[in-house]
Amino acid sequence: MTDGMSNQKSGLKQTIEFDDKSVRWFMGASIVWALVAMLVGVIIAFQMNFWQMNGKFIEWLTFGAFKTEGLEYLTFGRLRPLHTNAAIFAFVGNMMFAGIYYSTQRLCKCRTASDLLSRIHFWGWQLIIVSAAITLPIGLTRGKEYAELIWPINIAVAVIWLVFGFNFLWTLKKRNEPSLYVALWFYIATIITVTVLYVVNHLQIPTSWTHAYPVFSGVQDALVQWWYGHNAVAFFLTTPMLGIMYYFLPKAADRPVYSYRLSIIHFWSLVFIYIWAGPHHLLNTALPKWLQMLAMFFSLMLWAPSWGGMLNGLLTLRGAWDKLRTDPVIKFFVAAVTFYGMCTFEGPLLAIRSVNALSHYTDWTIGHVHSGTLGWNGFLAAGMFYWLAPRLWKTKLWSVPLANMHFWLGLIGILLYVGSMWVAGIMQGLLLNQTDETGTRLIYEFAETVDKINLLLLARAIGGTLFLVGFILLAINIYKTARSGQPVNGTVEVYVEEEKKQDNMTWGNVFRNDPIAYTFWIIVFMLLWFFLPPFANWIALAITLILTWMAVRAFKKSTKKWSDWHETLLENYLPFTVLVFIAMFIGGAIQIIPTVTVNRAKNIEDRLQVPYTPLELAGRDIYISEGCYNCHSQMIRTLVPEVMRYGDYSRMGESIYDFPFQWGSKRTGPDLAREAGKRGDDWHFAHMMNPRSLNRQSRMPNYVWLAHQDTDIKALPSKIAVQRRLGVPYEAMTKNVILDKAKKQAQEIASRLIDAQISIPEKEGVKIASSAEAKEYLQSKQIVALIAYLQKLGTYEEVEAKPEGTHQSTTIKPGLPDTYRPSHKVKKKAAEEKPATEKPAATPAK
């Protein structure tokens with residue numbers, strides 16, 4: 001493969017010096033943050049086996065010199081978001097930037113457009129990562145996976161990403177190579193799509209400098225979150241990595257890409273299809289079924305382009321497989337591409353509803369994610385670093401045997417990790433669904449199933465440790481390589497014409513042609529096939545097939561014309577970028593716009609969530625701050641075993657006022673969707689202070705600080721105000737009314753706790769001599785607000801069905817502004833409405 005695609009020899013000859021300093025900086029940062037991310041990952045993995053490591057491990061490491069028992073910053077719920085953000089945005093993000101800056105300059109045969117923007121990009125990104133490393137452990141979080149950072153940091157991320165994107169596109173405009181090579185296509189898709197995903201999912205209204213509520217709630221928020229969450233994996237952890245693969249793998253193998261035509265099919269089909277698959281994270285939930293089926297359909301379609309890319313990568317090595325024995329770079333690249341193929345086979349498999357019913361909420365998903373992040377991204381990063389280091393410092397790799405040792409340690413580690421998670425996930429899923437001979441009673445309690453996979457969880461932690469050790473060897477090897485050489489910038493001689501011939505395609509030529517016309521109408525009728533009623537949908541399918549046949553026939557008849565159009569498009573970066581945006585935007589718009597406009601409280605028929613009281617809202621924010629959503633879901637799926645275990649399945653309207661939603665993605669503990677009224681306040685208090693006092697198998701940490709830290713009720717007026725703006729039907733309340741309501745409910749809960757003779761954990765400097773003092777002390781604490789929230793979960797109102805052909809009656813509650821008046825008649829659900837022999841689905845908090 002050459003760094004360009006043309007052999008132009010006319011024009012003024014110039015020597016271009018590349019900016020490789022930025023590449024060295026990003027590569028070094030990636031290695032440092034990789035070690036941090038993996039170390040935190042190993043710690044939280046061992047926390048699954050040893051609950052004492054939630055704070056205790058530093059005390060162990062310092063032989064008791066530093067007391068950390070009860071230190072809230074080191075719990076699983078606080079560290080897990082730090083681990084995921086460090087792995088994705090710090091480790092892989094910096095690695096991605098290093099690869100893009102290195103390859104783009106050489107593919108464009110020009111220096112990066114602005115050194116200043118490159119420096120701003122680097123230091124801005126590192127500052128963002130440091131900010132995340134500080135805020136996440138202290139509990140400042142949005143409570144959404146891969147999107148936990150608070151709003152000021154969100155703005156910083158958006159600004160720095162735009163700096164990067166502008167610098168990249170500016171470089172394309174200045175390029176001395178007319179045609180865009182395939183790696184650049186994937187970089188363009190990454191920049192455009194991540195921008196849209198990040199902005200939409202982070203739309204929010206601040207209540208303070210460190211807190212905000214998203215503009216979406218319930219099912220809307222769930223859909224937007226996993227549209228973002230899934231495609232963050234697609235367009236941050238996959239498409240840029242594919243671009244890096246298309247550049248560095250042929251370079252390392254000294255072979256051209258196997259099939260240029262296959263790369264075209266791979267790119268366009270992947271960009272169009274991937275964006276539709278996000279809702280497969282919400283199968284069998286309260287998400288509308290049409291979205292679930294649409295996501296499953298497109299997820300299965302992903303098999304073809306994903307494996308096309310994998311095969312294109314592996315077949316590039318034809319004639320160079322002998323290097324696999326001696327070159328560690330080739331070893332890492334081959335393993336990385338293989339893991340990519342494995343992940344992209346497993347992903348669509350897990351998107352099948354029947355398979356997802358078993359896998360979701362279990363460790364099988366954890367194994368799938370890590371086979372991609374560590375196996376695909378981690379090995380690709382290692383191969384790229386080992387290839388780059390000698391060229392960036394003009395020397396030889398310090399130790400090839402050490403790199404080989406890293407490969408085998410990492411491979412054994414990731415196979416042990418993924419294998420144990422596969423077995424653990426399938427095993428726990430089967431145990432949770434197992435019933436007795438009558439089929440009417442579940443055999444295992446939730447904690448029992450976790451206990452039975454204990455050794456598999458330990459194997460996972462050991463596998464992660466081996467992978468970490470391998471990266472420590474990489475850090476040593478790269479450091480020694482850098483010390484043995486001198487930093488150098490690459491150069492290239494180019495012939496620069498006064499008037500460049502690229503970027504002159506008219507918009508008429510972009511859109512008025514057979515490829516675009518056929519693609520447009522095929523997509524239209526394919527969507528009509530999916531959405532139209534019976535019979536009409538089959539007509540749409542027939543038209544889709546006819547159009548497809550006509551498109552293939554037209555392509556065969558005018559192959560050169562179609563190819564020339566695409567080659568011309570590749571010489572025009574702006575039209576190419578616009579078409580990428582359109583291909584990406586179609587799927588997101590069709591899924592999200594109907595959901596956020598239709599699925600609102602006024603349209604709910606069945607059950608409607610009862611809004612939280614001020615104290616319950618404060619407790620919910622504490623629940624999110626502690627990261628409880630990392631281990632507990634609040635979504636009972638439409639599956640018989642889940643209904644038997646947790647109660648009636650969740651409805652769409654039961655989380656309509658949840659900003660953000662809390663459906664969860666992994667259960668290390670049981671579901672909490674119908675927790676209200678199941679247990680007393682004193683049980684929740686004891687459970688939070690020492691879970692093992694109630695269940696000795698529990699892996700949950702002791703949350704003793706909740707009994708001593710004050711609830712921030714002063715923030716409630718601004719929070720309530722934002723919730724009202726977002727559509728929650730709160731009465732108009734003054735600041736004093738809000739605070740009085742919170743204090744009154746807190747006093748009631750504190751009284752019940754003291755009457756139950758609970759024991760408040762000791763704290764240095766705190767002396768409680770009487771029950772009255774204990775009540776006064778406790779009522780302002782976070783544990784009381786959290787209990788209030790837990791006792792509200794699953795409380796809803798019955799919504800009377802609208803009679804066909806009539807208008808729905810409306811009950812106007814006093815004090816509600818017109819904007820927030822319900823358009824339906826509601827009836828309060830109470831336990832006494834049910835027969836004594838029938839267990840209510842949920843009861844209002846008492």
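L778 is a good place to start: leaving aside residues up to four places away in sequence, L778 touches F685, A707, A750, L753, I754, I758, I760, I783 and V784, where contact means heavy atoms within 4.5 Å. Before going on, note that this is a predicted model, in which local features need pLDDT of at least 70 and side-chain atom pairs count only at pLDDT 80 or more, while totals for chains, interfaces and linings use all residues. Residues are numbered from 1 along each chain as its sequence is written, and side-chain values use heavy atoms, with hydrogens and water left out.

L778 also belongs to the largest nonpolar core, which has 233 residues; M27, W125, F685, L778 and I783 are those with the most contacts inside it. A nonpolar core here is a set of buried Ala, Val, Leu, Ile, Met, Phe, Trp, Tyr and Cys residues joined through side-chain atoms within 4.5 Å. Buried means under 20% relative accessible area, exposed means over 50%, and partly exposed is in between (1.4 Å probe, protein chains only). Helix α3 (residues 76–108) gives this core its largest share, 19 residues. Helices are DSSP runs (H or I, at least four residues), numbered from the N terminus. Apart from the largest core lies another one, of seven residues, including Y518, I522, F525 and L547.

Now look at the helix that holds L778. In α28 (residues 771–778), the residues A774, Y777 and L778 are buried. They sit on the same side of α28 because they cover an arc of only 90° around the axis, the arc being that of the directions from the helix axis to the C-beta atoms. Turned away from that buried side is a face carrying the exposed residues A772 and E776. And what covers the buried residues? The cover includes α25 (681–689), α27 (735–755) and α29 (782–790).

Follow α25 and you find H687, which is buried, with a relative accessible area of 18%. Among residues beyond four places away in sequence, H687 touches L694 and M700. The loop between α24 (640–646) and α25 holds P660, and the peptide bond from F659 to P660 is cis, with omega near -5°.

What about empty space inside? Searching the whole structure turns up six cavities of 30 Å³ or more. A cavity is a set of points, on a 1 Å grid over the protein atoms alone, where a 1.4 Å probe fits but cannot get out; lining residues have an atom within 4 Å of a point. The second largest cavity has a volume of about 200 Å³, and of the 19 residues that line it, E654, S655, D658, A673 and G794 are the closest to its centre. That lining divides into seven nonpolar, seven polar and five charged residues.

Two tyrosines have backbone angles worth a look. Y146 has a positive phi of about 65° although it is not a glycine; Y146 lies in the loop between α4 (115–135) and α5 (151–174) and counts as buried at 12% relative accessibility. For Y361, phi is near 70°, again positive in a residue other than glycine. You'll find Y361 in the loop between α13 (353–359) and α14 (363–392), buried at 3% relative accessibility.

Last stop: L458, in helix α17 (residues 454–484). L458 is partly exposed, with a relative accessible area of 25%, and touches F46, N49 and F50, not counting residues up to four places away in sequence.

Note on methods: 1 Å grid on protein atoms, 1.4 Å probe; cavity = no way out; pocket = protein on both sides within 12 Å on 5 of 7 lines; lining within 4 Å. Points joined across faces, edges and corners; volume = space filled by probe spheres on them. Nonpolar A, V, L, I, M, F, W, Y, C, P; charged D, E, K, R; others polar.
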